[in-house]
Amino acid sequence: MPPLERRAVEALTDWTAMAQGAYTTNTIRAWRADWEIFSAYCHRYRAPVLPAAAKTVRDFVFECVGLRKKPATIRRYVATIGRAHRAAGVADPVVAETVKLALKEMGRTVQARQSQARGLVWSEIAQFLEFDVRNLRDIRDRALVAVAYDTICRREELVNLRISDIAESGDGSGSVLIRRSKTDTAGEGATAYLSPLTMRLLGEWLDASRRKSGTLFARVLGNTEAGDVLTAQSVSAVFRKVGKWIGLPKAEWERISGHSCRVGAAQDLLALNVDMASVMQAGRWKDTRMPMRYGEKILASRGAMARAARSQGRA
């Protein structure tokens, strides 16, 4: 390994160690995966990895396009490449005009629209809650889905909620402290509402699992015993269970992801004419892009042309 590359790798290793406390585990894991993909590309074509040439990054972009990678994924790869070079203290190839032009060309030739997770709206969740519970896992899943909907939590936030952060109110409702979220890098935390129904379902889960402390949700061993911390990946499986149980077609429930309660809650709020500022506050969004994306069909049905069609007798 050339001396410059060796020093750069050492600097990048030091930065990665320091970044452990500054970024979430999932973020670090995603960066590492992106960097490994780029490194494998460079090794395949015998090109220097660190520092990489701008032409190497440009060629990497077009190879990803040829492999039908999504534009958002490619842009994330490029951002990771730039971050790694800056962390290593070497020239960042991403800022070169050739790379910028490659990304612009990609944007003009590749459709950027991403498929959206299938939302789970309250009418569907309520239908799921009507089923009789059979075991501890069903009791947990009912509480998990209800909390996910009320709090509009991302799945990583959901599995990190703690029992000690639940607070009861006099009317039967409650609240939970979300200690850290994807957009809360300072760790200031946020408080989310829990309905009386959700509090009752949570009480049933905590009583049945005999959990007194630690994370709010846990794995279920067999059908009767609570285990260790529930993983974020398991949340998607629980949400798909909802889709299956209420009889959604396979093509529908396969589109359900760990974000589906978040998507569905945003759609319900917009359908109820809740103002966008309140929707953003409930879901802890920093801008309108994602809630508007989730509710674009609802917003279109209430938009200027929809109102014009109704007033003109075309609806």
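**Helix 4 and its surroundings in the predicted model**

T80 lies in helix 4. The structure described here is a predicted model, and this residue serves as the point of entry to it. With a relative accessible area of 5%, T80 counts as buried, because the limit for burial is under 20%. Apart from neighbours within four places in sequence, the residues in contact with T80 are W31, D34 and W35.

Burial in helix 4 extends beyond T80. P71, T73, I74, Y77 and V78 are among the buried residues of this helix, and the list continues after T80 with I81, G82, A84, H85, A87 and A88. Helix 4 comprises the 18 residues 71-88, for which a rise of 1.5 Å a residue predicts a span of 26 Å. The C-alpha atoms at its ends are 26 Å apart, in agreement with that expectation. The helix is followed by G89, which has a positive phi, near 75 degrees.

The packing of helix 4 against helix 5 was examined next. A pair of packed helices is described by the angle between the two axes together with the distance separating them. For helix 4 and helix 5 (residues 97-109), the angle is about 170 degrees and the axes are 11 Å apart. The two helices are therefore roughly antiparallel, as angles over 145 degrees are classed in this way. Helix 4 contributes P71, I74, R75 and V78 to the contact, and helix 5 contributes V99, L103, M106 and G107. Of the helix 4 residues in this contact, P71, I74 and V78 are also listed as buried.

A second helix pair is formed by helix 6 (residues 122-129) and helix 7 (residues 136-151), whose axes come within 10 Å and cross at roughly 165 degrees. This angle makes helix 6 roughly antiparallel to helix 7. The crossing of helix 6 and helix 7 is left-handed. On the helix 6 side, W122, I125, F128 and L129 take part, meeting D141, R142, V145 and Y149 of helix 7.

These elements belong to a protein chain with 16 helices and five strands. Of the 315 residues in the chain, 43% are buried. Among contacts between residues at least 6 apart in sequence, 59% join residues at least 24 apart. The chain exposes about 17,200 Å², of which carbon and sulfur atoms supply 53%.

Key. Residues numbered from 1 in each chain as written. Predicted model: local features only at pLDDT ≥ 70, side-chain atom pairs only at ≥ 80, totals over all residues. Heavy atoms only, no water. Expected span 1.5 Å × (residues − 1). Buried < 20%, exposed > 50% of the residue type's maximum accessible area, 1.4 Å probe, protein only. Contact = heavy atoms within 4.5 Å. Areas by Shrake-Rupley, 256 points an atom, 1.4 Å probe, with all protein chains shown as cover. Axes fitted to C-alpha atoms, helices over the stretch in contact; angles between N-to-C directions. Parallel < 35°, antiparallel > 145°, perpendicular 65-115°, else oblique. Left-handed = near helix turned anticlockwise from the far one by under 90°.
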